[in-house]
Amino acid sequence: MVQELLDFKDKLDEILHVAFQQNDKFVNCLRDSFEVFINKRLNKPAELIAKYVDGKMRSGNKEETDEDLERLLDKILVLFRFIHGKDVFEAFYKKT
């Protein structure tokens, strides 16, 4: 699910750039809407992101180069900023 969220966010950012030329009103609307959308299921996004990050960090350089992993972690950090349950993320990440 996390990879699908990352792809969805990339697609929305591309639409925002191409169709709306990064208009501030649309940027703010998209940011607010994405935050509401991603937090609909309370703690679930934090849990899934923690498990996804853990899986990627454990696989390390086996699947991706350092640059690819760095880009992926940057994208995940963008998702992390949207979630409200950051303490839940920490708890799940410590547990995994």
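How many residues apart are Lys9 and Asp13 in helix α1? They are four residues apart in that helix, so about one helical turn separates them. The model described here is predicted. A search of the whole structure finds seven salt bridges; this briefing covers several of them, together with a negative surface patch.

**Within helix α1**

- Helix α1 spans residues 2–20 and holds both Lys9 and Asp13.
- Lys9 and Asp13 form a salt bridge, and their closest N and O atoms are 2.8 Å apart.
- Lys9 counts as buried because its relative accessibility is 12%, and the cut-off for buried is under 20%.
- Asp13, with a relative accessible area of 31%, is partly exposed.

**Between helices α1 and α4**

- A salt bridge also joins Lys75 to Asp10, with 2.8 Å between the closest N and O atoms.
- Lys75 belongs to helix α4 and Asp10 to helix α1, so this pair ties together parts that are 65 residues apart in sequence.
- Lys75 counts as partly exposed, at 37% relative accessibility.
- Asp10 is partly exposed too, its relative accessible area being 32%.

**Within helix α3**

- Glu47 and Lys51 form a salt bridge in which the closest N and O atoms are 2.9 Å apart.
- Both residues lie in helix α3, which covers residues 44–59.
- Glu47 and Lys51 are four residues apart, about one turn of the helix.
- Glu47 has 13% relative accessibility and therefore counts as buried.
- Lys51 has 42% relative accessibility and counts as partly exposed.
- Salt bridges link Lys44, Glu47 and Lys51 in a network.

**Negative surface patch**

- Asp66, Glu67, Glu70 and Asp74 form a negative surface patch.
- One of these residues, Glu70, is found in helix α4, which runs over residues 66–82.
- Glu70 counts as partly exposed because its relative accessibility is 47%, and the partly exposed class lies between the buried limit of 20% and the exposed limit of 50%.

**Points to locate in the structure**

- In helix α1, the salt bridge to find is the one between Lys9 and Asp13.
- For the link between helix α4 and helix α1, look at Lys75 and Asp10.
- In helix α3, look at Glu47 and Lys51, then add Lys44 to see the network of salt bridges.
- For the negative patch, look at Asp66, Glu67, Glu70 and Asp74.

Notes: Residues are numbered from 1 along each chain as its sequence is written. This is a predicted model: local features need pLDDT of at least 70, side-chain atom pairs count only at pLDDT 80 or more; totals for chains, interfaces and linings use all residues. Side-chain values use heavy atoms; hydrogens and water are left out. Patches are made of residues with over 30% relative accessible area and no salt bridge: like charges are joined within 9 Å, nonpolar side chains (Val, Leu, Ile, Met, Phe, Trp, Tyr) within 5 Å. Accessible areas come from the Shrake-Rupley method with a 1.4 Å probe; for residues, only the protein chains shown count as cover. A salt bridge is a side-chain nitrogen of Lys or Arg within 4 Å of a carboxyl oxygen of Asp or Glu. Lys and Arg count as positive and Asp and Glu as negative; His and the chain ends are not counted. The place of a charge is taken as NZ of Lys, CZ of Arg, CG of Asp or CD of Glu. Helices (H or I, at least four residues) and strands (E, at least two) are DSSP runs, numbered from the N terminus. Buried means under 20% relative accessible area, exposed over 50%, partly exposed in between (1.4 Å probe, protein chains only).
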